[in-house]
Amino acid sequence: MDSDSLSLEDSELYDPVPDIRFIPSFEFQADERRSLADSTDQGLWHTVSSQRRNIVQCFTLSPDAVHVIKTELNDLEIERAKLRDSAVTSVGVVANRLKRSNQRPTSDQVSVLKTLLAQKNSELAKIESDLLRLQLKINDDIDALKELERLKTEKQAEANSCESWLVSSRLLPLEVITRIFQYSIDYRGPSIYYRTSPFSLSHVCSTWRNSALGYSRFWNDLELELSNIRKPNIGLLFDLWYGRANRYRPLSLSLKADGFTNEDVVLNLASHFTKFSPRMTTVSVEMSGGPESLAAFLVSPGGSFSNLESLTIIETYFAEEANPLPITVFDHSPRLRTVTLRVPRYMFEGDSRLFLPWTQLTHLHVGGPLLIQSFAIILFECTQLQNASFHDINLADRSDTREPIIPPSPVEFPHLTDLRVRINGPFFSHDISDVLEMMLLPNVDNLNLTGSTFSFYSRNDYLFPVDFIIPPRNRFPPMRHLLLAYADISRHELLSALVASPLLESLTICLDHISPISLLKVLTRNRSNGESDSTPSLSNLTSFTFACVIFEQEGDNNEFDPDAFSEAFIALITSWTTDSKRRRPLQKISLFVCHDDFHDSRIGDNEEVVEIFKKIKETIQKNLIGLIDPSIFTAQPIGDCDKLLSIFGFEKRRIA
């Protein structure tokens, strides 16, 4: 045989030598009295007679024989390990030799390799079987996991449903839910796009639907955006909406229309609103693009709103070329008392005017532009006014050449307590003074007079002429609240007006034509030289607001000095707080520093203005510690003079 060949007998894993370690042992009982022992060199023979009289012979090895046998067993184990190692080594040698050459393997090598290949294939088959079994187990586990997740989701949904059924909102009675709805509804119209309307709330669930539909007060107010209504079904809508309303409470109607409003919808509105108009106490109309969008409704005969108490008309956009229409639908409303208007000026002129029962109005607020002629006509018709505000009396427009109609004798307004007037200059005559001088205001309590904040003319051309409030021409009683902004008044005239108002509780001043430092000094009571009769005590004053515009004043040689201004402001507050005759303590002190680039650009940019303001504020706060409560003093910089209008109670509105 070739030295490189390996026989199967040499490579097989079998052992002809038995392993006596695994021979089972036997136990037996012997009668020691009848035993006979014969000894040899290797051990001792025993002849034993059993109880059944059977003769048994057994051999017991001696210690030396046991040691020899164990040694031979160890040698056999070593030889068998060598055989296995030599077989593996021989297989490796054969494999390496076959890899490095292209020789034809011998028959012995082929036999060994086939046996080895069969063995490896058997191992691979077993591994693949194990992998398949494991994969099947994994698939079963994944299916079980998915099923558990599905069950978890299902049970979680059921648990959430149980929790939702136990939430407090579901346990509340309908009365409480209805009360909550009262504070959440801010739009009352038939549109599902407003989530806080009763119409939308009724689509949530049956409980909410019963609550919304069953509470009649939700349906007393109706808001209609006519541009979103395509079908002329206003009559049906009125029946469905107001049909659920509380019959013992008044109704309100809000209309919004623009140039895209369907004309048929307006015609349908005009023919059906009279069914519920006698119950309406509040009506609001908002138009865009002129009254033509609501023409059929606005020109309806008056007298339909027999119980109307409050009316609001707003025109958000107006084209001058539009054809004006007379608005008559609100005329002959015997209970109308409050009117708020923000409409074009033509609605107060000629045959296209707004027809209202002016003589019975008690609250009138006009936010749109108003010519002096229309202002005089409206003012002297509304002799029952209690509260009146005119936000934009246009004195610069001279398209109407008519002279204001002024009564031959003063007209008394016995109930007027609050009057707010703002002019939009410049003006070329004292028409506004001529009108206001003919007003007798025996009970006026709050007077707000504001001039224009912008002009291409001299600064004095847009100031409000307030000489009619200065003694001896003053026909007003002592006032409690006075606001003068951009007013044409001198320092001496201001002192005279304040001396005539000893009960004054609130004072707001913004006089940009007077140096703010000199104005503060005039108001300061000089205790060192004795109190002058020309300086008002203002012992009842509780609120003081001072607004100044930073730029070089006309007639003054010095520019604005922050240190001097702070010193003058501190001296004024100190003189008031330390006055022994003061009756009421100061409760509010406000300072507004405004810089308008139109007036003067020599002050610098906005950053410099902010630094000036910070310095003024810090100085005043530091020096007033101990004299006033720091919480009552507020200071704010303003970059645009028009922003002061909101502080003074006016909002700048323009009709395009």
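## A walk through the predicted model

Of the 656 residues in the protein chain, buried ones make up 40%. Keep in mind as you look around that this is a predicted model. The protein chain has 17 helices and 22 strands. Among its contacts between residues at least 6 apart in sequence, 75% join residues at least 24 apart. We will visit a pair of helices, then some salt bridges, and finish at a strand.

Start with helix H8, residues 234-242, and helix H9. Their axes come within 8 Å and cross at roughly 50 degrees. Angles from 35 to 65 degrees fall in the oblique class, and H8 and H9 are therefore oblique to each other. At the meeting point, H8 contributes Ile234, Gly235 and Phe238, while H9 brings Val265, Asn268, Leu269 and His272. Sorted by class, this contact has 4 nonpolar residues, 3 polar ones and no charged residues.

One of these residues, asparagine 268, deserves a look of its own. Asparagine 268 sits in helix H9, which spans residues 263-272. Is asparagine 268 buried or exposed? Its relative accessibility is 14%, and the cut-off for buried is under 20%, so asparagine 268 counts as buried. Leaving aside residues up to four places away in sequence, asparagine 268 touches Pro232, Asn233, Ile234 and Gly235. The C-alpha atom of asparagine 268 is also 10.0 Å from that of leucine 236, and these two residues are 32 apart along the chain.

Move on now to asparagine 246, in the loop between H8 and strand S5 (251-257). With a relative accessibility of 19%, asparagine 246 counts as buried. Its contacts, again not counting residues up to four places away in sequence, are Ser216, Arg217, Asn220 and Arg279.

Next come the charged pairs. Side chains of opposite charge can pair when their charged atoms come close. How many salt bridges does a search of the whole structure find? The search finds 12. One of the salt bridges takes us back to H8: the side chains of lysine 275 and aspartate 239 meet at 2.8 Å, N to O. Aspartate 239 belongs to helix H8 and lysine 275 to the loop between H9 and strand S6 (280-287), so the pair ties together parts that are 36 residues apart in sequence. Lysine 275 is exposed, with a relative accessible area of 55%, whereas aspartate 239, at 33% relative accessibility, is partly exposed.

A second salt bridge joins the side chains of arginine 335 and glutamate 309, at 3.2 Å from N to O. Arginine 335 is in the loop between strand S7 (310-315) and strand S8 (338-342), and glutamate 309 is in the loop between helix H10 (295-298) and S7, so this pair ties together parts that are 26 residues apart in sequence. Arginine 335 is partly exposed, with a relative accessible area of 41%, and glutamate 309 counts as partly exposed at 34% relative accessibility.

Then there is the salt bridge between glutamate 505 and arginine 480, whose closest N and O atoms are 2.7 Å apart. This pair links distant parts of the chain, 25 residues apart: glutamate 505 is in the loop between helix H13 (491-499) and S19, and arginine 480 is in the loop between strand S16 (464-465) and strand S17 (481-485). Glutamate 505 is buried, with a relative accessible area of 16%, while arginine 480, at 34% relative accessibility, is partly exposed. The pair is part of something wider: salt bridges that share partners join Asp445, Arg480, Glu505 and Arg584 into one network.

From the loop before S19, it is a natural step to the strands. Strand S19, residues 506-510, runs parallel to S20, and 4 bridges join them. Within this pairing, threonine 508 has threonine 545 of S20 as its bridge partner. S20 also pairs with strand S21 (residues 588-594), in the parallel sense over 7 bridges. There, cysteine 548 stands opposite valine 593 in S21.

How many of the residues of S20 are buried? For this strand, residues 543-549, the count is 7 of 7. In a regular strand the side chains alternate between the two faces of the sheet. In S20, one side carries Ser543, Thr545, Ala547 and Val549, the other carries Phe544, Phe546 and Cys548, and both faces are covered.

Definitions and conventions:
Residues numbered from 1 in each chain as written. Predicted model: local features only at pLDDT ≥ 70, side-chain atom pairs only at ≥ 80, totals over all residues. Heavy atoms only, no water. Helix = DSSP H or I, 4+ residues; strand = E, 2+ residues; numbered from the N terminus. Buried < 20%, exposed > 50% of the residue type's maximum accessible area, 1.4 Å probe, protein only. Contact = heavy atoms within 4.5 Å. Pairing = 2+ DSSP bridges. Axes fitted to C-alpha atoms, helices over the stretch in contact; angles between N-to-C directions. Parallel < 35°, antiparallel > 145°, perpendicular 65-115°, else oblique. Nonpolar A, V, L, I, M, F, W, Y, C, P; charged D, E, K, R; others polar. Salt bridge = Lys/Arg side-chain N within 4 Å of Asp/Glu carboxyl O.
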